[in-house]
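User: Let us go through this structure together. For each label you give, I should like to know the grounds on which it rests.

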Amino acid sequence: MTDRVYPSTKPTTNGTAATNPSFPATKAQLYGATRPTYRPQPNRKRSRGCCCACVLWTTAVIFIIIVLAVIAGAIIYVLYRPQRPSFDISGLNISSLNLTSASHLTTNINLNITARNPNKKLVYTYNPITISVTTERDDIVVGSGSIPSFVHGTKNTTFLRAAITSSGVQLDDVSAGKLKADLKSKNGVALKLELETKVKVKMGGLKTPKARIRVTCQGIKATVPSGKKATTASVSNANCKVDLRIKIWKWTF
């Protein structure tokens, strides 16, 4: 009786006996050998705290600068007590104010203005001043002129003169009709005067940037000369308003 050969209890793979895995399994077998290395994360709370501190310091510095600027402006305002200059029409003589049948306007007016600086420590320096004369009701331009630049000293009164002229200016039919009606009025024609330029202010060693100034005068009653003799306009009710805004730090006058 021949002996039977039974297969081995250990299975083979390609002629090599397979080995059973070790038990229990290691951590490398459980989690895998390719697990990424642990790296500590930066502390985000600390970076956020630094940003908040920078914002707070910047806000505090800006606030301090604003407070110091307001205090400095208040000190300058109290020391100098800045006031606006004033302007008055002291005379307006009309040599000619003629509108022809062809709607050509010819004007020759002599204007006298009194400018006053009420400040004790402020000096005004004016650029050349442009002057425009219009009718008060319809804003029809009657003539224009100019005044040279000048320096207005402290507590000073300056008398200014200007020639307002227009030579053969062509008016449109509507403006010519309105002006003719004003010139024929028994009460005279109401005129409006506008002066415009730029001015800078000097206070000791401090000089401000140039600012726009506009002076508007109303309440002028003019009559048309009938012959060669000039007529004098009524300026007793004339009122001049000064539009000037100059900033000294945080203060405006």
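User: How many salt bridges are there by the rule you apply?

Analyst: The count comes to seven salt bridges, a salt bridge being a side-chain nitrogen of Lys or Arg within 4 Å of a carboxyl oxygen of Asp or Glu. The model is a predicted one, in which local features need pLDDT of at least 70 and side-chain atom pairs count only at pLDDT 80 or more, while totals for chains, interfaces and linings use all residues. Residues are numbered from 1 along each chain as its sequence is written, and side-chain values rest on heavy atoms, with hydrogens and water left out.

User: What makes the contact between Asp-182 and Arg-137 a salt bridge?

Analyst: The N to O distance between the two side chains is 2.7 Å, which is within the limit of 4 Å. The pair joins distant parts of the chain, with Asp-182 in helix H3 (residues 173–183) and Arg-137 in the loop between E6 and E7, 45 residues apart. These element names follow DSSP runs, numbered from the N terminus: helices are H or I of at least four residues, and strands are E of at least two.

User: Why is Asp-182 called buried or exposed, and which label does Arg-137 receive?

Analyst: Buried means under 20% relative accessible area, exposed over 50%, and partly exposed in between, with a 1.4 Å probe and protein chains only. Asp-182 has 11% relative accessibility and therefore counts as buried. Arg-137 has a relative accessible area of 60%, so it is exposed.

User: What makes Lys-192 and Asp-139 a salt bridge?

Analyst: Their closest N and O atoms are 2.9 Å apart, so the pair meets the distance rule. Lys-192 lies in strand E10 and Asp-139 in the loop between E6 and E7, which places the partners 53 residues apart in distant parts of the chain. Lys-192 counts as buried because its relative accessibility is 12%, whereas Asp-139, with a relative accessible area of 46%, is partly exposed.

User: What is unusual about the phi of Asp-139?

Analyst: Most residues other than glycine have a negative phi. Asp-139 has a positive phi of about 55° although it is not a glycine. Its loop runs between strand E6 (129–135) and strand E7 (141–147). Ser-103 likewise has a positive phi, near 65°, and lies in the loop between strand E3 (86–99) and strand E4 (104–117). At 8% relative accessibility, Ser-103 is buried.

User: How do you know that Arg-212 and Glu-196 form a salt bridge?

Analyst: The N to O distance is 3.8 Å, which still falls within 4 Å. Arg-212 lies in strand E12 and Glu-196 in strand E10, so the pair ties together parts that are 16 residues apart in sequence. Arg-212 has a relative accessible area of 40% and is therefore partly exposed; Glu-196, at 30%, is partly exposed as well. Both belong to a network of salt bridges that links Glu-196, Arg-212, Arg-214 and Asp-243.

User: How many cavities of 30 Å³ or more are there, and what makes a space a cavity?

Analyst: There is one cavity of 30 Å³ or more. On a 1 Å grid over the protein atoms alone, a cavity is a set of points where a 1.4 Å probe fits but cannot get out, and its lining residues have an atom within 4 Å of a point. The largest cavity has a volume of about 40 Å³. Its lining consists of Phe-87, Tyr-126, Ile-129, Leu-195, Glu-196, Thr-197, Ile-213 and Val-215. Strand E10 (189–203) and strand E12 (211–222) each give two or more residues to that lining, and E10 supplies the largest share, three residues. By class, the lining has six nonpolar, one polar and one charged residues.

User: Why is Leu-193 buried or exposed?

Analyst: Leu-193, in strand E10, has 1% relative accessibility and so counts as buried. Leu-193 and Gly-143 are 50 residues apart in sequence, with their C-alpha atoms 10.0 Å apart.

User: Which residues form the nonpolar surface patch?

Analyst: Phe-63, Ile-64, Val-67, Leu-68 and Ile-71 form the patch, with about 470 Å² of accessible area together. Patch members have over 30% relative accessible area and no salt bridge, and nonpolar side chains (Val, Leu, Ile, Met, Phe, Trp, Tyr) are joined within 5 Å, like charges within 9 Å. Phe-63, in helix H2 (residues 44–80), has a relative accessible area of 54% and is therefore exposed.

Notes
Accessible areas come from the Shrake-Rupley method with a 1.4 Å probe; for residues, only the protein chains shown count as cover. On a 1 Å grid over the protein atoms alone, a cavity is a set of points where a 1.4 Å probe fits but cannot get out, and a pocket is an open set with protein on both sides within 12 Å along at least five of seven lines; lining residues have an atom within 4 Å of a point. Grid points are joined across faces, edges and corners, and a volume is the space filled by probe spheres set on the points. Ala, Val, Leu, Ile, Met, Phe, Trp, Tyr, Cys and Pro count as nonpolar, Asp, Glu, Lys and Arg as charged, and the others, Gly among them, as polar.
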